[in-house]
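Colleague: Before we look at any particular feature, could you take me through how you read packed helices and enclosed spaces?

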Amino acid sequence: MKLRLESFGELRLIDLTGQPVAFPEKGLLTICYLLDRYLQDGAGSEYPRSALARFLWDSHDNPDIMANLRKTISRIQARQTELGTEILVFTATGVRIKPDAFVCDLFELAKPDSEGALEKLRRLVAVLRQDFLAVLADQSVSTRQWIAGQRDRHMAILVDALKTALPTARSREDVSLIKEAALRIFRDAPDDENIRRILLEAYESEGQLENARRLFEASRHGLESALDIGLDVQALGEVRKVFAGSQSPPSVMEPLSDGGSRVARPLPRLVLLPPGGMDAAGALPMLSGPLIEDVTIGLCALNTVSVVAPHTAARIARNADKAQLILRHSISYVLDTRLTDHAGIATLFVQLIHAGGDEVIWAERFSLEKYDLISHRRDIARRIARELAGQVRQHETMRDSFEGNSAAYHSYLLGLRDVKRLSLPDIRRSRKAFREALQHSAHFAPALSGLSRTFVVEWLLTARGDSELLGLAEDYANRAIVADPSLAAGFRELGVAKLYLGDIDESVLALKLAEELGPHYADGIASYADTLVHASRPADALAKIERAISLNPLSPTDYLWTAAGANFALGHYAEALEQISAMDDRTPADRLSAACWAMLGDTKNARLYMRKVREIYPDFDVDKWLSVVPFKEQWQKEQYREALRRAGF
């Protein structure tokens, strides 16, 4: 009896009469997983039992997972015998799938393109109406990550099919299909800029912008929308223009709304540097290099990023001046990789860096235990490739705001560079650059949040308690949030401004939200740590700043300043001085250095740093300064007051 496996929506087996057939859920999940490997990689060979157990139950240390697997295999084999069919074949060491023994909706996604574009789109829309594996009783972390990756891939397939089918759509029935596909993509990716533009231009051509606004607003609040939105042939023509622009090769001139034209921006270039660190001999370094090559090969299939070949990447990694080579080859993103020892386990640490702003966009640590790397190298490669593609796509939406306006984007990058240098001339130069960027794009959220930051840093450096600076910082942070509520940087700057305005609880809430919006946003986490210092939670602050430093190991000065402040509050004065000594420019922390030396009983060094502070700020007054620097609990102010008095202030 040939059964049908349904994986979109409820996971179940169906017999020839259309009735559900009982089967162990872990068995059905195993079929889906191995079938995906077969369809994607032609991996029809035996899959290790140990690897399957880790996928299903997520534990390397628990011996019970193998017992769980044996019980599951026994139930699957018994049920297959009852049904008179064999979908999964088990051996003493592994398992393989028999794809000819059943039919499955996943086969619909892998069919060769022998049909017309509209027929393919119609087939995909029918399959993808429901989410892949929408209902599972029990999921491991590995299972959830794999399912999420599959859903992303399915949506990418649907997007490509929609782009291909759009130029051939003619009848009202075809238009209806285009509409259904676009709305299905919008359901999963309401923030996808291309899909929003498609829907927005379609509505505008119909004179129904209010419907678009309501749809976008409903999606923002997670509500189900029952709007009946139809696209007519005229609207379809407008949508075609959007897709035509996105499909134009880099050398083609794209029309602008004002009748002019521009050259389409080339794809962003990404280089994946081979791993450094952990020079020990053995299989691990030998296998980690091929792992990165697997990621590179996987990314080469994408049409959203241009990947530098592994040979060139290796030469860049070996060069003493990587930054110059990256600039020379117009590389936009760098994936830096290092072999590390994390809690006694060999790991691959990866971080994605935007070369233009020298900012860490994403970072992750992957276990490279021997059995993991050998059996799961392709899985790890797919995970890294998927994350890279998503992070680059998300970051590129910011750059889209400056498409065709290179002067504005250049100004923004200059501001981003200078704001990281903690000196008044650099901060004011940064502010000027951000203002220039806003002259070209008044609602560009990153520039608004950057402008907010310049006012806070100036307030800190001058130590004059100028409330007007903080008011401006709060105003620009709020404007950044209004311009883009999904941007973590806006909430970060609001949190920082609220901190120095004395609203510590509001500051903590804003920075917590910033961390939720950007869990790999190192600068946001560092600011969260700083606020926790002022919230009289120095131990929590130290944990947060260590997390930020792990994401951005070549840390900027303010990270180390925050770490030093947390250690000072904990009474770890020597550790605080170690953090300060690692700063490129220690001048901003001279007050803290004086306080630490004083609390260690070293009057000579304490007075040395006190005099350095007086040279820059001759009118510095301890009581006035402490009156404007917020600490939630009085003991922190008294600790700082006593330290500065001992130092001679």
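Cavities and helix packing

Modeller: With the reminder that this is a predicted model, let us start with enclosed space, where the count comes to 2 cavities of 30 Å³ or more.

Colleague: What is the general idea behind finding such spaces?

Modeller: Rolling a probe the size of a water molecule over the atoms shows where empty space is left. In this structure, the largest cavity holds about 40 Å³ of space.

Colleague: Which residues line the largest cavity, and which elements give two or more residues to that lining?

Modeller: The lining of the largest cavity is made by F8, L128, Q130, D131, F132, R151, H154, M155, R184 and D188. Two elements, α5 (141-165) and α6 (172-188), each give two or more residues to this lining, and the largest share, 3 residues, comes from α5.

Colleague: How many residues of each class does that lining have?

Modeller: Sorted by class, the lining of the largest cavity has 4 nonpolar, 2 polar and 4 charged residues.

Colleague: Let us turn to helices: how should I describe a packed pair?

Modeller: Two packed helices are described by the angle between their axes and the distance between the axes. Take helix α17 (residues 467-483) and α18, whose axes come within 8 Å and cross at roughly 155°. With angles over 145 degrees counted as roughly antiparallel, that makes α17 roughly antiparallel to α18, and the crossing in which α17 passes α18 is left-handed.

Colleague: Which residues of α17 and α18 meet?

Modeller: From α17 the contact takes in L470, A473, E474, A477, N478, A480 and I481, and these meet G490, F491, E493, L494, A497, K498 and Y500 in α18. The residues of this contact divide into 9 nonpolar, 2 polar and 3 charged.

Colleague: At what angle does α18 pack with α19?

Modeller: Helix α18 (residues 488-500) and helix α19 (residues 504-517) pack at about 165°, their axes lying 8 Å apart, and the two are therefore roughly antiparallel to each other. Here too the handedness can be stated, for α18 passes α19 in a left-handed crossing. On the α18 side the contact residues are A488, F491, R492, G495, V496, K498 and L499, while α19 brings I504, E506, S507, A510, L511, L513, A514 and L517. By class, the contact of α18 with α19 divides into 10 nonpolar, 2 polar and 3 charged residues. If you follow single residues from one contact to another, F491 and K498 of α18 appear in the contact with α17 and also in the contact with α19.

Colleague: Are α20 and α22 roughly parallel or roughly antiparallel?

Modeller: The axes of helix α20 (residues 522-534) and helix α22 (residues 557-569) come within 9 Å and cross at roughly 25°, which makes α20 roughly parallel to α22. The crossing of α20 past α22 is left-handed. In this contact A522, D523, A526, A529, D530 and V533 of α20 meet Y559, T562, G565 and A566 of α22, and the contact has 6 nonpolar, 2 polar and 2 charged residues.

Colleague: To finish with a single residue, where is K120 placed, and which residues does K120 touch, not counting those up to four places away in sequence?

Modeller: K120 sits in helix α4 (residues 117-127), and, leaving out residues up to four places away in sequence, K120 touches D113 and E115. For a view across the chain, the C-alpha atoms of K120 and A161 are separated by 7.2 Å, although these residues are 41 residues apart along the chain.

How values were computed:
Residues are numbered from 1 along each chain as its sequence is written. This is a predicted model: local features need pLDDT of at least 70, side-chain atom pairs count only at pLDDT 80 or more; totals for chains, interfaces and linings use all residues. Side-chain values use heavy atoms; hydrogens and water are left out. Axes are lines fitted to C-alpha atoms, for helices over the stretch in contact, and angles run from 0 to 180 degrees between N-to-C directions. Helices (H or I, at least four residues) and strands (E, at least two) are DSSP runs, numbered from the N terminus. Angles under 35 degrees count as roughly parallel, over 145 as roughly antiparallel, 65 to 115 as roughly perpendicular and the rest as oblique. A crossing is left-handed if the near helix is turned anticlockwise from the far one by less than a right angle, and right-handed if clockwise. Contact means heavy atoms within 4.5 Å. Ala, Val, Leu, Ile, Met, Phe, Trp, Tyr, Cys and Pro count as nonpolar, Asp, Glu, Lys and Arg as charged, and the others, Gly among them, as polar. On a 1 Å grid over the protein atoms alone, a cavity is a set of points where a 1.4 Å probe fits but cannot get out, and a pocket is an open set with protein on both sides within 12 Å along at least five of seven lines; lining residues have an atom within 4 Å of a point. Grid points are joined across faces, edges and corners, and a volume is the space filled by probe spheres set on the points.
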